[in-house]
Amino acid sequence: MPLFRSCACARHGSPDEHERALVEDRVVEQAVMRALLPESVLRRKFLEVVGAGTALAALSAVFPLGAAKEAFAQGSGKLEKTKLNVGFIPITCATPIIMAHPMGFYSKHGLDVEVVKTAGWAVIRDKTLNKEYDAAHMLSPMPLAITLGAGANAVPYTMPAVENINGQAITLAMKHKDRRDPKSWKGFKFAVPFDYSMHNYLLRYYVAEHGLDPDRDIQIRAVPPPEMVANLRADNIDGFLAPDPVNQRAVYDGVGFIHLLSKEIWDGHPCCAFAASREFVSTMPNTYRALLKAIIDATAYARKPDNRKEIAAAIAPANYLNQPPTVVEQVLTGTFADGLGNVRKVPDRIDFDPFPWHSFAVWILTQMKRWGQLKGDVDYQSVAREVFLATDAAKLMSEVGWTPPKSTYKSFSVMGRSFDPMKPKEYVDSFAIKRA
């Protein structure tokens, strides 16, 4: 059975587009209602008395509601806000978000964006929830966790674009260069950037496939990426599964070696993301669209290998990554020293593709379920559609010259184990080592 089909009303290309169109209509209706009745108590009483349907009919009589909905769908209209704060962690996963500042992609789309370097993922989450940041660079699992209330109070969140695919590695301390077999890692202490991260899930997956229980046979602790190399040097940890340029910096400083690139676990996996609250998307639709388009535009530029050295030079300075340009260049170009005396050439060590596949979200949710972060039944497909805004990404990818996928689902394999996004429960149940 094909995973992509026309919607029931036959006016949209898929059920996801149909659902998004309904959401867009509600956004416009609510915005017009707020404008005409700014007092919330009065607005609520009016709706209680006449009912939503009658209220909309009355609105349509005095306001061109249909034209407003069409304008919103086409993305036209004045930006509600032009000065924005966008938080980021200084890692190459944030390349499109960071480079859009010095390379002019935000200003190209009418925005004055301050990209704010942030210490860690919990701070990113809290500052965004507190509205100190309008949007942020987040780990792909974070908008799912925030929406579901895992690790914090539930707040509806969205992920309209993936920032990078691949771009991580397992790095070990130099003293372990003769202990490459994971079965010998019992008692090791590992760092990952955050509990709700691809790094955590990929490390757990990797050691479990080698027979180790990640909660009993090794220790995994959350450490902000900028602190990882120092912890490796101080012998506080034996290794980490980290975003770059952390892995390459450990090699550059002579304190670690690259054991395995994350693409060797799952080639094409998502890592980080551009994320914003559902409130931001709903109340500032034009600003949201301009911001997302700027980031997708930057992502398209970053996708081209010929641009990578230029980008490395732009994002290496202290106000961004604060890394030697050669470290960033080795990551982005994929020609790098591995710390074991080899120079490797892996052009897609990190790559950039903004499409937020719903199958990515479903896989992440299976791992949250597998390791006990989610309790009870999970409506995998529904949550994926709610949080990963594939339709928005597809529209804007087309506008910057990309051909987006026609389906929002695809199958893939992780360490040789096939994943069917239509059978998430069976996938979770198939693992011998799990907490679920």
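Where is the place of Thr 366? Select Thr 366 in your viewer and you will land in helix α16, which covers residues 358–370. Keep in mind as you go that this is a predicted model.

**Stop 1: around Thr 366**

Is Thr 366 buried or exposed? Its relative accessibility is 0%, so Thr 366 counts as buried. Now show the side chains here. The side chain of Thr 366 makes a polar contact with the side chain of Gln 367, at 3.1 Å. Next, select Tyr 380, Phe 419, Pro 424, Tyr 427 and Val 428: Thr 366 touches each of these, leaving aside residues up to four places away in sequence.

**Stop 2: colour by confidence**

Colour the chain by pLDDT. The mean for the protein chain is 90, and 83% of its residues reach 70 or more. Then select residues 1–13, where the pLDDT is below 50. In the model this stretch has 22 contacts beyond near neighbours in sequence.

**Stop 3: two cysteines**

How many disulfides does the structure hold? The count is zero. To look into this, select Cys 93 and Cys 271 together. The cysteine sulfur closest to that of Cys 93 belongs to Cys 271, and because the two are 3.4 Å apart, they are too far from each other for a bond. For a disulfide, the sulfur atoms would have to be within 2.5 Å. Seen from the other end, Cys 271 is in no disulfide either, and its nearest cysteine sulfur is that of Cys 93. Both cysteines are hidden from the outside: Cys 93 counts as buried at 0% relative accessibility, and Cys 271 is buried with a relative accessible area of 1%.

**Stop 4: strand β11**

Move on to residues 272–277, which form strand β11. Why is β11 described as largely enclosed by the rest of the structure? Six of its six residues are buried, so the strand is largely enclosed. Rotate the view to compare its faces, both of which are covered. On one side you will find Cys 272, Phe 274 and Ala 276, and on the other Ala 273, Ala 275 and Ser 277, all buried.

Now bring in the strands that pair with β11. Strand β3, residues 135–139, is joined to β11 by four bridges, and the two run antiparallel. Pick Met 138, and you will see that it stands opposite Ala 273 in β11. Strand β4, residues 157–162, also pairs with β11 in the antiparallel sense, over four bridges. Here the residue to pick is Val 162, whose bridge partner in β11 is Ala 273.

**Stop 5: backbone details**

Which peptide bond is cis, with omega near 15°? Select Asp 244 and Pro 245, because the bond running from the one to the other is cis. Pro 245 is found in the loop between β9 (239–243) and α11 (246–252).Next, pick Lys 131, in the loop between α7 (121–129) and β3. Lys 131 has a positive phi of about 70° although it is not a glycine. With a relative accessible area of 55%, Lys 131 is exposed.

Finish at Asn 166, which lies in strand β5 (residues 165–166). Asn 166 is a residue other than glycine, and its phi is positive too, near 55°. Unlike the exposed Lys 131, Asn 166 is buried, with a relative accessible area of 1%.

Key: Residues numbered from 1 in each chain as written. Predicted model: local features only at pLDDT ≥ 70, side-chain atom pairs only at ≥ 80, totals over all residues. Heavy atoms only, no water. Buried < 20%, exposed > 50% of the residue type's maximum accessible area, 1.4 Å probe, protein only. Polar contact = N/O pair within 3.5 Å; in protein donor to acceptor, adjacent residues only side chain to side chain. Contact = heavy atoms within 4.5 Å. pLDDT = per-residue confidence, 0-100. Pairing = 2+ DSSP bridges.
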